[in-house]
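Biologist: Can you pull up the model so we can go through it together?
Modeller: Here it is.

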Amino acid sequence: MRFEVITIFPGMFAPAFAEGVIARAIRQGIVGLGVHDLREYAEGRHRKVDDEPFGGGGGMVFKPEPIFSAVEAIRASDPERRSRCILLSPQGERFDQSIARRYAAADESLIIVCGRYEGVDERVREHLADEELSVGDFVLTGGELAAMIVIDAVSRLIPGVLGSEESAARESFTRMCSTIPCIRVPRSSAE
Ligand code: SAM
């Protein structure tokens, strides 16, 4: 399983995956994580990645060209590998455990586009993204934290990532319809 993240803040990812179960999986090569600085795909001396929205509207959005170039370069670096391009957006489909399971089971890498400012030019959603995902009904300042949530939730479902003591087979959302109740931490013991 490989994740390829496109962001203007690549430095946010190393600390987030420096410790814990996912860090171990990355060190062991079970999970691959590539972090790509969007500015490296922008033209011009100032490597500008933002612009006014195509068709109007307030604020600034990411221009489409650097994002298309970044995705093209990632795909060209490993043409044999199938990949799915995910655009993170509060307006996307709600990410949940069933989507995490689908990604973990698919034999393809996930290219994750993190927006900033007022989001990403519409042409990315229309012509490049395979899916648009939201991690919840709230608005973050950028897609990086959302990407980390997706990477964490998908990675831990990859065989070999969790130790037997941490098995994903009997946990919340896995047996929702069975007679075994979901594991929930009572409020009193969480406080
Ligand atoms: N103007 C946008 C709107 O009203 O929907 C919000 C843009 S938000 C400030 C900037 C970026 O953060 C988005 O492009 C997206 O990548 C990310 N983001 C914010 N909230 C998110 C959420 N709930 N789920 C996934 N990504 C989110």
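Modeller: Keep in mind that this is a predicted model.
Biologist: OK. How many residues surround the ligand, and which are the closest?
Modeller: The ligand is surrounded by 20 residues. The closest are Leu88, Gly115, Gly136, Phe138 and Leu140.
Biologist: What does leucine 88 offer the ligand's oxygen atom?
Modeller: A polar backbone atom of leucine 88 is 2.7 Å from an oxygen atom of the ligand. Glycine 115 also has a polar backbone atom 2.9 Å from a ligand oxygen.
Biologist: And which ligand atom lies 3.0 Å from glycine 136?
Modeller: A nitrogen atom of the ligand, with a backbone N or O atom of glycine 136 at that distance. On its own the ligand has 580 Å² of accessible area, and the protein covers 85% of it.
Biologist: Where does the ligand sit?
Modeller: In the largest pocket.
Biologist: Which strands each supply at least two residues of the shell?
Modeller: Strand S5 (83-94) and strand S7 (131-134) do. S5 gives the largest share, 4 residues.
Biologist: What's the shell like by class?
Modeller: It has 9 nonpolar, 9 polar and 2 charged residues.
Biologist: New topic. Where is alanine 129?
Modeller: In the loop between helix H5 (122-127) and S7.
Biologist: Is alanine 129 buried or exposed?
Modeller: Alanine 129 counts as buried because its relative accessibility is 17%, and the cut-off for buried is under 20%.
Biologist: How far is alanine 129 from phenylalanine 68?
Modeller: They are 61 residues apart in sequence, and 9.8 Å apart in space, C-alpha to C-alpha.

Note on methods
Residues numbered from 1 in each chain as written. Predicted model: local features only at pLDDT ≥ 70, side-chain atom pairs only at ≥ 80, totals over all residues. Heavy atoms only, no water. Near = heavy atom within 4 Å. Polar contact = N/O pair within 3.5 Å; in protein donor to acceptor, adjacent residues only side chain to side chain. Areas by Shrake-Rupley, 256 points an atom, 1.4 Å probe, with all protein chains shown as cover. 1 Å grid on protein atoms, 1.4 Å probe; cavity = no way out; pocket = protein on both sides within 12 Å on 5 of 7 lines; lining within 4 Å. Sits in = over half its atoms within 2 Å of the grid points. Nonpolar A, V, L, I, M, F, W, Y, C, P; charged D, E, K, R; others polar. Buried < 20%, exposed > 50% of the residue type's maximum accessible area, 1.4 Å probe, protein only.
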